[in-house]
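Let's take a walk through a protein model together, one piece at a time. Keep the 3D view open and turn it as you read.

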Amino acid sequence: MGSTAMDLSSVKVVVIGGGLVGAMEAIFMAKRGFQVDLYESREDIRTLEHVSGRSINLALSIRGREALRLVGLEDQIVGGGIPMHARLIHGVSGRKSAQPYGKEGQFISSVDRRLLNETLLTEAEKYSNIRLHFYHKMVQADFDNGVIFFTDKDGSKVKACPDLTIGCDGAYSTTRRQMMRCGRIDFSQEYIPHGYMELCIPPKDGKFAAEINYLHIWPRDEFMMIALPNQDCSFTCTLFMPFVNFDEIEAAGGEAPVDFFRKYFPDAIPLIGEKAIRTTFEEGRALPMVSVKCSPYNYKDKVVILGDAAHAMVPFYGQGMNCGFEDCIVFDQFLDKFNNDFAKALPAYSEHRNPDAKAICDLAMYNYVEMRSLVNSRWFLFRKRVDKFLNWLLPSRYIPLYSMVTFSRIRYHTVIQRWKKQDVIVNKGLFYLLCLPVVIAGALTLKRFKPDVFSWLKFSGKT
Ligand code: FAD
């Protein structure tokens, strides 16, 4: 679409997927003035009693907040969320220690996934140029001819003919699969050998049973459990562990889940309850986690993918949704830059965003090791203190990795570059600093036993 002085209301945009990113993107495109049709395969979650699927709550940070601010929902969502200022590390002995996330006043918010999705859909519905179609599953597309096919609730075929298709249909994206049939798209996906299972810490006497403003972590090197607070005074716990360990516990059956908790998470047993632990393992099953990378994100000026469809990541940096929301901002900026000319904006967006999405996928993998293992290491904790000190000394020049990812909008790939540079400088500095006392002690010893060695240092007194 070349667009100078074009009436955007005649330009048809189809958004595939009414999850978090699809609902957000529909609003961004409607705000620009396009005619937007959003197609979601499931029924409207606002009408459901129970929504099954992924995590109940999500950590919202600055990149996601910025997108919410741009669509006028930041205060409502952050206000309804629960601030988490620090990690609260639970040792096996029951000892707890807090590790603040950033500077004083900085926090991430635990927000209700369903409420967030519902709020975005309700907001989308306020725009007269958005139409929402539930029970419409995209099944096929001919992007070159601008035709997309859906099946509706009755299994009937429905056709749409948009000028632009935006695929926000998640990690197993049909849009992406259809794109791959027409263009040269690089694609890779990686299932990690770990799965996750959710448990619940219910409220105690109507109040939170554990410290509220924290992201609780039980790091156990090869695996870990985390807990995020919910609005209803409960916590959602997520146990991340290799599938082989889940299988072992399942095969042993009986008391095995509780025995496992007794050994590794004893302080969590009174919070969750033995019966609930047993039932969760009996009835639930561990779910997989996948990391998806692909390039480019567009096919000609016809289709672009955003969110998990473009870059699903393992959940350990709490950035999947945040990054997906940031996609919407960045794509919007490229539409601005190229005056809504899809032929220019789509490839430019894809080229710009790809290194960032790949970087956060890699950082998310790294953060699993940090969360389940490094947080127990003395050296890591010492380095955190050094990072904090240097950030205090040089606030704009030295920013710790976590803060760059979570509390800034520095491009993710720049974050990695800066992190590596900072790391080299600090490690070198610390090495020299630690060497200094050794050198001084050596020199003093030498001076004492072989004073002549230093004779060259003496001032002769002659002119
Ligand atoms: P999805 O949420 O997957 O939505 C895709 C939508 O498309 C769905 O509604 C689906 O029904 C629909 N759809 C699929 N196929 C079709 C089709 N063919 N036709 C029509 N509609 C279709 N992120 C964070 O930022 N913070 C966190 O703390 C966090 N925690 C997480 C914890 C866990 C355990 C997991 C698994 C993920 C977590 N994430 C987190 C990641 C986050 O959930 C995802 O990044 C986010 O949901 C991506 O949104 P999306 O809209 O791109 O995809």
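Where in H12 does a kink lie? Look at Arg 353: a kink of about 35° sits there, shortly before the proline Pro 355. Keep in mind as you go that this is a predicted model.

Now take in the whole of that helix. H12 covers residues 342-372, which makes 31 residues. From its first C-alpha to its last it reaches 43 Å, close to the 45 Å expected at 1.5 Å a residue. At the start of H12, have a look at Asp 341: one of its side-chain oxygens comes to within 3.1 Å of the backbone nitrogen of Ala 343.

Next up are the sheets. As a bit of background, strands of a sheet pair through backbone hydrogen bonds, and they can do so parallel or antiparallel. One open sheet here is built from seven strands, in the order E6-E5-E14-E15-E16-E13-E17, with mixed pairing. Its edge strands are E6 (96-100) and E17 (287-295), and each of them pairs on one side only. Going from one strand to the next, the twist averages 30°.

Another open sheet has three strands, ordered E3-E7-E4, and its pairing is antiparallel. Strand E3 (57-60) and strand E4 (82-84) stand at the edges with a single partner strand each, so one side of each has no neighbour in the sheet. In this sheet the twist averages 35° from one strand to the next.

You can zoom in on one strand pair from each sheet. Here they are with a pair of facing residues:

| Strand pair | Sense | Bridges | Facing residues |
|---|---|---|---|
| E13 (residues 186-201) and E16 (residues 235-242) | antiparallel | eight | His 194 and Pro 242 |
| E3 and E7 (residues 108-112) | antiparallel | four | Ala 59 and Ser 110 |

What about the loops? Two of them hold backbone details that you can find by eye. Which residue has a positive phi although it is not a glycine? That is Asp 221, with a phi of about 65°, and you'll find Asp 221 in the loop between E14 and strand E15 (224-229). The other detail is a cis peptide bond joining Ser 295 and Pro 296, where omega is about -5°. Pro 296 lies in the loop between E17 and strand E18 (298-299).

Now for the aromatic rings. The count comes to 26 aromatic pairs. One of them is formed by Phe 208 and Phe 235, which meet edge-to-face, at 5.4 Å centre to centre and with 70° between the planes. This pair links distant parts of the chain, with the two positions 27 residues apart: Phe 208 is in the loop between E13 and strand E14 (214-219), while Phe 235 is in strand E16.

Finally, step back and view the chain as domains. The domain assignment gives domain 1 (8-80 + 111-190 + 290-371), domain 2 (191-288) and domain 3 (393-449). How far apart are the C-alpha centres of domain 2 and domain 3? They lie 37 Å apart.

How values were computed: Residues numbered from 1 in each chain as written. Predicted model: local features only at pLDDT ≥ 70, side-chain atom pairs only at ≥ 80, totals over all residues. Heavy atoms only, no water. Pairing = 2+ DSSP bridges. Axes fitted to C-alpha atoms, helices over the stretch in contact; angles between N-to-C directions. Expected span 1.5 Å × (residues − 1). Bend = angle between axes of the 7 residues up to and from the residue. Polar contact = N/O pair within 3.5 Å; in protein donor to acceptor, adjacent residues only side chain to side chain. Domains from an automatic or database assignment. Phe/Tyr/Trp six-rings, centres within 6.5 Å; stacked < 30°, edge-to-face > 60°.
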